[in-house]
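Here are some notes for a colleague who is opening this structure for the first time. They are set out as numbered points, each of which can be followed with the structure in view.

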Amino acid sequence: MERTLTSEVPGKVGEEVELQGWLHWRRDLGGIQFILLRDRSGIVQVVLPGGLKLPLPESAVRVRGVTVESDKAPGGYEVRAEDLEVLQASEQPTPVEIPKEEWRANPETLLTYRYVTLRGEKARAPLKIQSALVRGFRKYLDAQGFTEIFTPKLVRAGAEGGANLFEVDYFGESAYLAQSPQLYKQIMVGVYERVYEVAPVWRAEEHATSRHLNEYLSLDVEMGFIESDEDVMALEEELVRAMLEEAARTAGPELKLLEVELPKLPREIPRVPYAEARRIVKEELGLGMGADLNDEAERALGAYFSEKYGTDFVFIVQYPEEVRPFYTYPTGDGLTRGYDLLFRGLEITSGGQRIHDPAVIVQQLEKKGMDPERFRDYIEVFKYGMPPHGGFAIGAERFTQKLIGLPNVRYARAFPRDRHRLEP
């Protein structure tokens, strides 16, 4: 008999079906037994005769039975079967009861046993939603003439500079895990004009917060022949819209399960100069801050603009040179054509126009105390007619976290890596 998925059961009323999946939950009422069977598409109730010896939850099982409508069953349907076949029994109870799993449980327990706690409906839903967001990212950019690229993750120098690099022994030489594909995607603008990449990046930062990871999925975009950073922001507005539409279209059950409220996204996201954002933070919100917008300032600004403009998104533009990477296009007045995109009070994107004049690149490297010689190969590319260009990178886990309302960004990655975690 051909296998039926649990999501297909409502269309099989009166028919005999074969289900395969995991024993999600069980209850013995003496003369009758109930189980919930979970597969990749969902969960369905199965009614079995009393007296059967049922395996432990999370055992892999197969049942054959008849689909019937039932007001008392989850979803309104159940399968009535005479027996249950154990394909592989679970050898011991799970460290967390999967049907009762909540993110409010001990985070260390949830993350230490991630290989089994991920099986919970609410645990796996964020990853399904994130998959839809990434699919929307690819689909939109493909339709706009972008080419997907695959850049090295072992590099000789960091794209951002600074000390937040993981060093690797590369046959007796020092190499580093890439903290960004930035330099390579700029190079590839000279090949394809429009490029993107979906790949992990690494930051050796000793954070211990609910919004930082040391390895995360970066959704990178770069495009050539632009007039200014405004072209880049305009593209990102439509891209984010397409990503959210794809999630709504293909991850609807997961969004409903998590009671996700889709964000308010206006046709044009407000552009707020960095200086004005600082003024609002200090004068109107009464908060202190350092040289850059800190976590508290970003959260406060998110709430402020949500109330004032009715939007969950805001671009912070015209950042000063001292808080942007060396490759950000300077405007000559100490400012740049660099921006951040805040979503519900969290930075999910950093982007802007890049420098395309090699002499200016050298100047900016020296201004930041970086050795141009270490970027010799990168600089050389700009001697061969690089057009005005720009781009951005979206942190997939942060976007997912804020969209869903997760208490911790680690739940937006299957196997998160932070300063204390290398397993599982």
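**Notes on the structure**

1. Arg119 and Glu58 form a salt bridge in which the closest N and O atoms are 3.1 Å apart. Arg119 belongs to the loop between α2 and α3 (121-143), while Glu58 sits in the loop between β3 (42-49) and β4 (60-69), so the pair ties together parts that are 61 residues apart in sequence. The two partners can also be described by their accessibility: Arg119 counts as partly exposed because its relative accessibility is 29%, whereas Glu58, at 5%, counts as buried.

2. Please keep in mind throughout that this is a predicted model. The protein has 424 residues, of which 51% count as buried, and its secondary structure consists of eleven helices and 16 strands. Taken along the principal axes, the box filled by the C-alpha atoms is roughly 80 × 55 × 40 Å. Among the contacts with a separation of 6 or more, 66% are accounted for by residues 24 or more positions apart. The protein exposes about 20,100 Å², and 49% of this area is supplied by carbon and sulfur atoms.

3. A search of the whole structure finds 32 salt bridges, and one of them pairs Lys185 with Asp220, with the closest N and O atoms 2.8 Å apart. Lys185 is part of helix α4 (residues 182-192) and Asp220 is part of strand β11 (residues 215-224), so this pair ties together parts that are 35 residues apart in sequence. Both Lys185 and Asp220 are buried.

4. Another salt bridge is formed by the side chains of Glu373 and Arg376, with an N to O distance of 2.2 Å. Glu373 counts as partly exposed because its relative accessible area is 47%, and Arg376, with a relative accessible area of 46%, is likewise partly exposed. Elsewhere, Arg135, Lys139, Glu246 and Arg249 are joined into one network by salt bridges that share partners.

5. Side chains of opposite charge can pair when their charged atoms come close. With that in mind, what surrounds Asp39, a buried residue that has no salt bridge? Asp39 is found in strand β2 (residues 32-39), and the nearest side chain of opposite charge, that of Arg3, is 4.2 Å away, whereas a salt bridge would require the nitrogen and the carboxyl oxygen to be within 4 Å. The side chain of Asp39 does make a polar contact of 2.8 Å with the side chain of Thr6, and the Asp39 side chain also reaches the backbone nitrogen of Ser41 at 2.8 Å. Leaving aside neighbours within four places in sequence, the residues in contact with Asp39 include Arg3, Thr4, Leu5, Gln20, Trp22 and Arg124.

6. On the surface, Tyr113, Tyr115 and Phe415 make a nonpolar patch of about 310 Å². One of these residues, Tyr115, lies in helix α2 (residues 114-117), and Tyr115 counts as exposed because its relative accessibility is 52%, the cut-off for that class being over 50%.

7. Most residues other than glycine have a negative phi, and most peptide bonds are trans. Which backbone features deserve a careful look against that background? Glu259, although not a glycine, has a positive phi of about 55 degrees. Glu259 is located in the loop between α6 (252-257) and β12 (271-273), and with a relative accessibility of 71% this residue counts as exposed. Arg344, which is not a glycine either, has a positive phi of about 50 degrees. The place of Arg344 is the loop between β14 (338-343) and β15 (346-353), and a relative accessible area of 23% is why Arg344 counts as partly exposed.

8. The peptide bond that joins Glu423 and Pro424 is cis, with an omega of about -5 degrees. Pro424 is placed in the segment after α11 (396-404). A reader inspecting the backbone may wish to view this bond together with the positive phi values of Glu259 and Arg344.

How values were computed:
Residues are numbered from 1 along each chain as its sequence is written. This is a predicted model: local features need pLDDT of at least 70, side-chain atom pairs count only at pLDDT 80 or more; totals for chains, interfaces and linings use all residues. Side-chain values use heavy atoms; hydrogens and water are left out. Helices (H or I, at least four residues) and strands (E, at least two) are DSSP runs, numbered from the N terminus. Buried means under 20% relative accessible area, exposed over 50%, partly exposed in between (1.4 Å probe, protein chains only). Lys and Arg count as positive and Asp and Glu as negative; His and the chain ends are not counted. A polar contact is a pair of N or O atoms within 3.5 Å; within protein, one must be able to donate a hydrogen and the other to accept it, and residues adjacent in sequence count only if both atoms are side-chain atoms. Contact means heavy atoms within 4.5 Å. Patches are made of residues with over 30% relative accessible area and no salt bridge: like charges are joined within 9 Å, nonpolar side chains (Val, Leu, Ile, Met, Phe, Trp, Tyr) within 5 Å. Accessible areas come from the Shrake-Rupley method with a 1.4 Å probe; for residues, only the protein chains shown count as cover.
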